[in-house]
Amino acid sequence: MSLAGKVAIVTGSGRGLGLSYAQELARQGAAVAINDVDADVAAEAVASINAAGGKAVSVVAPVGSTETAKALVASAVENFGRLDILVTNAGVLRDKSILKMTDEDFDLVINVHLRGTFTCVREAYGYFKENNIAGRIITIGSPTGQRGNFGQTNYAAAKAGIVGMVRTWAMEMKRAGVTVNAVIPVAATAMTKTVPFFAKAVEADERGEAMPDFFRKELGFGTADDVAGLIAFLASEEAGNITGQAIGAGGDRLQLWSHPEAIASEFNDGGWDYAALRERFPFSDNLQSVGETFPELPAELQPEPAAK
């Protein structure tokens, strides 16, 4: 097993995507510190790993504060003797359009996703550097952070911010041999289960059947387990040359997201003052789209009409 002897922390790993990440890391030989806010859910996650022959403990605490970050690292070291891998998956949603989104809605999502990633990464990296460990840090982004999505101001800001931090940390951590990357999952989650477009895929998954090829191949949409392999790979020695990247995974598809680059440049003698821009804005034909556009669902995959 390629991760034998390694120790990982996976935040928000009591259920869903986080649990799949933790279970895959354990399958590859790593001991895992599970984190969740629900003690019963965390205990079930630990039991599932131990029953499969792995090693796991839990830390029940909300991610965001420095205290939780310190407790996570301390638990991994106290229980398993070291720390090698951090996966910052913990998250929460408070979706509302901007005029309906409260300060509390915004702050909660930013605190868990963005601040929680920052505090946990800072604590783990401090441990790696102090102990001369070429650690692996894997953060979790989202297509919403890359492209935007209606009703997700807070979530988009947090996920875009995480990728921005990853690019910065890749430079700061290079000399220590620590890699840091963002994974962009496209998978069935509690959120996508409520979206009619994905209904046939989610229904197939819940029946224990393979999702239709349209979802897996055309959309790159799959299960949590389809993403878990990338998490384990980025945690391995084989991925030691990969850092500062945003990598998407879903269904049968793997994607490498670009860093933002200027797509067009124009110069004007004397600069672009208001009058010059009124006369000629040079990028009207190059304006970028926002959000994601999905192809039309085949007739056989259309969701069932809502019951009246």
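These legends describe close-up views of a predicted model.

**View 1. A salt bridge within helix α1 joins Glu 24 and Arg 27.** The two side chains meet at 2.9 Å, N to O. Both residues lie in α1, which spans residues 16-27. They sit three residues apart, about one turn of the helix. Glu 24 has a relative accessible area of 14%. That is under 20%, so Glu 24 counts as buried. Arg 27 is partly exposed, at 48% relative accessibility. The structure holds twelve salt bridges, and further examples follow in the next views.

**View 2. Arg 82 and Asp 84 form a salt bridge.** Here the N to O distance is 2.6 Å. Asp 84 is buried, with a relative accessible area of 4%. Arg 82 counts as partly exposed, at 31%.

**View 3. Glu 237 and Arg 136 tie together parts of the chain that are 101 residues apart in sequence.** Their side chains meet in a salt bridge of 3.9 Å, N to O. Glu 237 lies in the loop between α9 (224-234) and β7 (246-250). Arg 136 belongs to strand β5, residues 136-140. Glu 237 is exposed, with a relative accessible area of 52%. Arg 136 is buried, with a value of 5%.

**View 4. Four charged residues are linked in a network of salt bridges.** The members are Arg 216, Lys 217, Asp 226 and Asp 252. A salt bridge pairs a nitrogen of Lys or Arg with a carboxyl oxygen of Asp or Glu, so Arg 216 and Lys 217 supply the nitrogens, and Asp 226 and Asp 252 the oxygens.

**View 5. The second largest pocket has a volume of about 380 Å³.** Its lining is made of 14 residues. Closest to the centre are Gln 146, Arg 147, Ser 258, Pro 260 and Gln 288. Helix α5, residues 143-147, gives the most to the lining, with three residues. By type, the lining divides into seven polar, four nonpolar and three charged residues. How is such a space found? Rolling a probe the size of a water molecule over the atoms shows where empty space is left.

**View 6. Leu 277, Phe 281 and Leu 287 make a nonpolar surface patch.** The patch covers about 290 Å². Phe 281 lies in the segment after α10, the helix of residues 274-279. Phe 281 has a relative accessible area of 41%. Residues in a patch need over 30%, so Phe 281 passes that cut-off.

**View 7. Phe 294 and Glu 218 are far apart in sequence, at 76 residues, but 9.3 Å apart in space.** The distance in space runs from C-alpha to C-alpha. Phe 294 lies in the segment after α10. At 38% relative accessibility, Phe 294 counts as partly exposed.

**View 8. Asn 132 has a positive phi although it is not a glycine.** The angle is about 55°. Why does this deserve a view of its own? Most residues other than glycine have a negative phi. Asn 132 sits in the loop between α4 (103-130) and β5. What share of relative accessible area does Asn 132 have? The value is 71%. Exposed means over 50%, so Asn 132 counts as exposed.

Conventions. Residues numbered from 1 in each chain as written. Predicted model: local features only at pLDDT ≥ 70, side-chain atom pairs only at ≥ 80, totals over all residues. Heavy atoms only, no water. Patch = residues over 30% accessible without salt bridge, like charges linked within 9 Å, V, L, I, M, F, W, Y side chains within 5 Å. Areas by Shrake-Rupley, 256 points an atom, 1.4 Å probe, with all protein chains shown as cover. Helix = DSSP H or I, 4+ residues; strand = E, 2+ residues; numbered from the N terminus. Buried < 20%, exposed > 50% of the residue type's maximum accessible area, 1.4 Å probe, protein only. 1 Å grid on protein atoms, 1.4 Å probe; cavity = no way out; pocket = protein on both sides within 12 Å on 5 of 7 lines; lining within 4 Å. Points joined across faces, edges and corners; volume = space filled by probe spheres on them.
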